[in-house]
Amino acid sequence: MVVLSNPTLEEMFLVKVMKTSGPFSNVPVIDLTSATAAADVVSACVEFGFFKVVNHGVPNALVSRLETEAMKFFSLADCEKEKAAGVANPFGYGNKRIGSNGDVGWLEYLLLEVTSKPKSFNFLSEPWATSFCPCLREYVSATRKLAVQLLELMAEGLGMKQRNALSKFVMDSRSDSMLRLNHYPPFPMRQGFNQSINGFGEHTDPQIISVLRSNNCDGLQIALKDGNWVLVPPDQSSFFINVGDSLQVLTNGRFRSVRHRVETNGARSRFSMIYFGGPPLSERLAPLPQLLREGEQSRYRDFTWAEYKSSAFKSKLGENRLGHFEKQ
Ligand code: GA4
């Protein structure tokens with residue numbers, strides 16, 4: 001475990017200002033088998049940048065298998081996890097430190113690159129990881145497929161002629177995507193503190209789309225348009241989807257990249273796995289011409305995903321990263 005000095009752990013992790021209302025019962029639910037799914041998904045992306053998917057087609061058995069494999073990994077000694085996956089930079093095993101700019105959270109994680117030539121899958125050839133590897137591959141391909149289906153529905157709901165206008169970015173063999181496995185352990189100082197803990201501070205995801213599955217331990221919160229934070233009731237049989245910054249740009253701000261955070265109550269372990277679908281590094285990120293109404297100008301200056309990613313990975317977690325790329 002990484003030992004952190006001043007300020008104290010309590011100061012670093014306890015969420016001091018509790019401005020969150022109770023469980024949010026209006027999380028949009030998209031049923032992939034419903035005839036109205038395309039329209040529903042678009043309204044959810046415009047209003048919240050967030051929704052839940054049911055009848056998603058990802059086998060529960062696969063999800064449980066990966067959860068079991070990942071928990072086997074997290075139960076290794078800290079030095080073994082670091083040795084196996086490397087200390088996160090940004091890929092590898094991370095413990096409390098998030099990114100490169102001093103952010104911390106009450107979690108440990110494994111961040112894996114899932115490009116066609118992944119760098120950090122090497123450790124998976126270790127004998128103890130033999131069943132982890134195929135499981136990760138299967139899971140990534142199932143969640144990528146779900147991301148593609150959802151992006152196709154979005155294109156349909158937006159009235160785009162090409163069904164693959166949005167999905168082509170994550171289907172591309174050069175797509176720059178990631179898989180993150182997060183373990184939020186119980187809080188050791190829970191006795192006497194009946195408060196929440198900063199598991200993962202507020203942020204937006206830089207990529208196009210994030211596909212999240214968690215166990216039944218709550219903690220995920222999203223910010224609504226009016227800035228109020230609400231608790232998302234967990235549902236381990238569904239997936240939660242975040243619109244990322246890149247999709248906000250591609251739609252010229254019609255879809256909102258959702259600010260979200262995780263605050264755990266320290267009683268139980270929270271476990272989540274997130275597939276982040278990103279475009280190829282060389283891809284230009286600009287509003288899609290088919291989506292611009294007559295006379296509508298791009299709100300963003302021209303940039304590539306490589307430029308945005310490099311700027312994002314140097315930023316503080318809670319920063320408004322797209323702000324630097326908006327036209328004045
Ligand atoms: C948020 C979304 C993904 O988890 C992530 C994160 C990344 C990291 O953990 O290294 C970042 C964060 C995320 C955005 C700003 C930078 C980069 C930590 C951080 C402070 C893997 C990603 O792509 O961006």
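Q: Which residue of strand 10 does Gln221 stand opposite?
A: This is a predicted model, so take the pairings as computed. Strand 9 (residues 220-223) and strand 10 run antiparallel, with 3 bridges between them. Gln221 belongs to that pairing, and its opposite number in strand 10 is Leu231.

Q: In the open sheet of 5 strands, what is the strand order?
A: Strands 9 and 10 are joined by 3 bridges, and both show up in this open sheet. The pairing across the sheet is mixed, and the twist averages 25° from one strand to the next. Reading across, the order is 1-10-9-12-7.

Q: Which strands of that sheet have one side left without a neighbour, and why?
A: A strand at the edge has a single partner strand, so one of its sides has no neighbour in the sheet. That's the situation for two strands here, strand 1 (20-23) and strand 7 (197-203).

Q: Is strand 5 mostly covered or mostly open?
A: Let's look at the company strand 5 keeps. Strand 4 (residues 92-98) is joined to strand 5 by 6 bridges, antiparallel, and strand 6 also pairs with strand 5 in the antiparallel sense over 6 bridges. Of the 11 residues in strand 5, 8 are buried, so the call is mostly covered.

Q: Which residues stand opposite Leu110 and Leu111 of strand 5?
A: Take the two pairings one at a time. On the strand 4 side, Leu110 has Tyr93 opposite. On the strand 6 side, Leu111 stands opposite Arg180.

Q: Which residue takes a positive phi in the hairpin of strand 4 and strand 5?
A: That hairpin has 4 residues between its strands. One of the residues that come nearest to the ligand is also the one with a phi near 70°. The residue is Gly99.

Q: Which elements give two or more residues to the shell around the ligand?
A: There are 16 residues around the ligand, with Pro90, Gly99, Asp205, Phe313 and Leu317 coming nearest. By class they split into 9 nonpolar, 4 polar and 3 charged. The elements that supply two or more are strand 5 (103-113) and strand 6 (178-184).

Q: Which helix gives the most to the largest nonpolar core?
A: In soluble globular proteins, nonpolar side chains tend to be buried together. Here the largest nonpolar core has 74 residues, and Val41, Leu150, Met154, Ile209, Val211 and Ile241 have the most contacts inside it. With 11 residues, the top contributor is helix 5 (residues 132-157).

Q: Which residues does Leu150 touch, not counting those up to four places away in sequence?
A: Leu150 is among the residues with the most contacts inside the core. Leaving out residues up to four places away in sequence, its partners are Val41, Ile209 and Ile241.

Q: Is Gln236 buried, partly exposed or exposed?
A: Gln236 sits in the loop between strand 10 (229-231) and strand 11 (239-243). Being buried takes 20 or more neighbours within 10 Å, while 12 or fewer makes a residue exposed. Gln236 has 14, so it counts as partly exposed.

Q: Beyond four places in sequence, which residues is Gln236 in contact with?
A: Leu107 is 129 residues from Gln236 in sequence and 19 Å away, C-alpha to C-alpha. A contact needs C-beta atoms within 7 Å. The residues in contact with Gln236 are Ser214, Asn215 and Asn216.

Q: What share of the chain is buried?
A: The chain has 8 helices and 15 strands. Of contacts between residues at least 6 apart in sequence, 73% join residues at least 24 apart. Out of 328 residues, the buried share is 39%.

Note on methods
Residues numbered from 1 in each chain as written. Predicted model: local features only at pLDDT ≥ 70, side-chain atom pairs only at ≥ 80, totals over all residues. Near = placed C-beta within 6 Å. Nonpolar A, V, L, I, M, F, W, Y, C, P; charged D, E, K, R; others polar. Contact = placed C-beta atoms within 7 Å. Core = buried A, V, L, I, M, F, W, Y, C linked by C-beta atoms within 7 Å. Pairing = 2+ DSSP bridges. Axes fitted to C-alpha atoms, helices over the stretch in contact; angles between N-to-C directions.
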